[in-house]
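Work through the exercises below with the sequence and the structure at hand, and try each task before reading its solution.

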Amino acid sequence: MRVTPFSVIQGGLQAEGRWTAELRHPSSLREEEIAAWRDLLPRALGRSVFAEPDFVLTMAQHCADGRRLAVLLVRRNAADGTPVLHGVFPLHLPGGLRPGRTAALWSVPFAGAPEPVIDAGQAPGVLRAALDHLVVCGLRIDALRMAGLAPAGPLTDALRDVVAGTGRRLTIRPRAAAGPGPKPLPALPRARTSLERVRALRPVRDAVEHFLVLEAARATGSLLDDAAAVTALRVVTRRFAARRQCGVDLVRRDGEVIAAAIRLGPAGEDRIWREAGHALSAQSGPAPAILTLEAVIGLRPARGAAEPPRARRASAS
C-alpha cells in the first residue's frame with residue numbers, strides 16, 4: 001500500500017473498538033478502499049452522488065487546479081480486529097509547514113457544498129478521530145474549516161457535541177449566499193418532439209457528446225473551453241454508466257437534438273446533474289437561498305482539556 005509521506009495511523013490495528021485515521025493522496029487509494037467507501041455511502045448521514053468515489057476521485061485527478069488535496073480515512077476495528085471504514089473527508093490542505101494554518105473540507109467542482117461521508121451511527125467517534133488525527137499528522141495544521149453545514153442537521157449537532165467534549169474552540173457563522181446562478185435555459189418548444197433515454201455505457205458516451213455540442217452553444221463558459229473540466233465530465237459519466245448509474249435524456253425535433261440532460265444515480269433515484277439546449281427540469285425562477293453555516297474548529301484543545309492520543313507514523317510499502 002502506498003502511503004503519502006504525511007500519513008499517520010493512530011495506535012495499533014488489533015484492539016476492538018480502536019479508532020484509526022490516515023491522510024492519503026486521492027490517487028493512492030486501492031480498489032478495496034474505494035469499494036469500502038462505496039459501501040459506507042448507504043450508512044452515511046447524507047446521501048449524495050457527489051460523495052461517490054467515482055465523482056470525488058475523478059475531480060481530484062482532473063480539477064485539482066494546483067490545490068494540495070488529500071482524503072482523510074477514519075476506521076474503527078471490528079471484533080476480529082479488522083478495520084472498518086466509517087468516515088471519508090476530502091480535504092484541501094494548506095501549503096508549507098508554518099503553524100497557524102487551516103485545512104478545509106474540499107468543495108468538489110460541479111458538486112456544490114463539500115460532501116464528507118460519515119457513518120450516521122458513529123458520527124461522534126468519526127469526528128473526534130478525524131480532529132485528533134489532524135493534530136498529530138505532522139502538517140502543523142491548527143484548524144479545520146467545514147462549510148455547507150445545515151443549521152440544525154445531524155452533522156452540525158454531532159460537531160457541537162464533539163467540540164464541547166474535547167475542549168476545542170468552535171466558531172460558527174452563516175455562509176455568504178452564492179451569487180446569481182447561470183441564466184435559465186429556455187423551455188422546450190411546443191412543436192412535436194421525441195424523448196430518448198439512454199443508460200447503457202456506449203450509448204451514454206455518444207449522448208454525452210451531444211450534450212457537449214449543445215452546451216458549447218452558450219455565449220461564455222462552455223465546458224469545451226476547459227480541457228480539464230470536459231475530461232472530468234467524460235470520465236465521471238463513463239464510470240457511473242459502467243455501474244448503470246448514469247443516464248442521458250435527449251430531446252429531438254425533426255431529428256435534431258435540441259435538449260440534453262445528464263442524470264446521475266441509480267434508476268428511479270437519479271437526478272439531473274447538467275442540462276444543455278432547453279430545460280428538461282422544472283425551472284420556475286431562481287431557487288430560494290438556503291442558509292448554511294461555516295464552522296472553524298480549533299484542533300488543539302484548550303489547556304486542561306483532554307489531549308488527543310499519541311500517534312505513530314505509518315510505514316510505506
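**Exercise 1. Find how strands β10 and β11 pair, and then place them in their sheet.**

Solution. Begin with the two strands themselves: in this predicted model, β10 covers residues 246-253 and β11 covers residues 256-264, and the two run antiparallel to each other, joined over eight bridges. As a check on a single position, take Val-248 and look across to β11, where its bridge partner is Ile-262.

Next, widen the view to the whole sheet, which is open, has four strands in the order β9-β10-β11-β12, and is paired in the antiparallel sense. Pairing on one side only marks the edge strands, which are β9 (194-198) and β12 (271-276). From one strand to the next, the twist averages 20°.

Finally, look for the helix that packs on this sheet: helix α5, residues 201-215, touches β9, β10, β11 and β12, and its direction makes about 55° with that of β10.

**Exercise 2. Describe helix α6 by its span, its buried residues and what covers them.**

Solution. First compare the span with expectation: α6 has 16 residues and reaches 23 Å from its first C-alpha to its last, which is close to the 22 Å expected at 1.5 Å a residue.

Then list the residues that are buried, that is, under 20% relative accessible area; among them in α6 are Ala-229, Val-230, Leu-233, Val-236, Thr-237 and Phe-240. An α-helix has 3.6 residues a turn, so residues three or four places apart point the same way. The cover over the buried residues of α6 includes α2 (53-62) and α5, together with the strands β10, β11 and β12.

**Exercise 3. Which residues touch the most other members of the largest nonpolar core?**

Solution. This core has 49 residues, and those with the most contacts to other members are Trp-37, Phe-55, Met-59, Leu-264 and Trp-273. Helix α6 (residues 227-242) gives the most to the core, with seven residues. A second core, separate from this one, has 35 residues, including Leu-131, Leu-139, Ile-141 and Leu-293.

To see one member in its surroundings, follow Trp-273, which, with residues up to four places away in sequence left out, touches Phe-50, Phe-55, Met-59, Leu-233, Val-236 and Ile-262, among others.

**Exercise 4. Decide where the model should be read with care.**

Solution. Start from the chain as a whole, whose mean pLDDT is 86, with 85% of its residues at 70 or more. Residues 1-13 have pLDDT below 50, although the model gives this stretch 65 contacts beyond near neighbours in sequence. Over residues 310-317 pLDDT likewise stays under 50, and the model has 21 contacts for them beyond four places in sequence. Where pLDDT is low, the predicted coordinates should not be read in detail.

Terms used. Residues are numbered from 1 along each chain as its sequence is written. This is a predicted model: local features need pLDDT of at least 70, side-chain atom pairs count only at pLDDT 80 or more; totals for chains, interfaces and linings use all residues. Side-chain values use heavy atoms; hydrogens and water are left out. A nonpolar core is a set of buried Ala, Val, Leu, Ile, Met, Phe, Trp, Tyr and Cys residues joined through side-chain atoms within 4.5 Å. Buried means under 20% relative accessible area, exposed over 50%, partly exposed in between (1.4 Å probe, protein chains only). Contact means heavy atoms within 4.5 Å. Two strands pair if DSSP finds at least two bridges between them. Axes are lines fitted to C-alpha atoms, for helices over the stretch in contact, and angles run from 0 to 180 degrees between N-to-C directions. pLDDT is the predictor's confidence in each residue, from 0 to 100. The expected span of a helix is 1.5 Å times one less than its number of residues.
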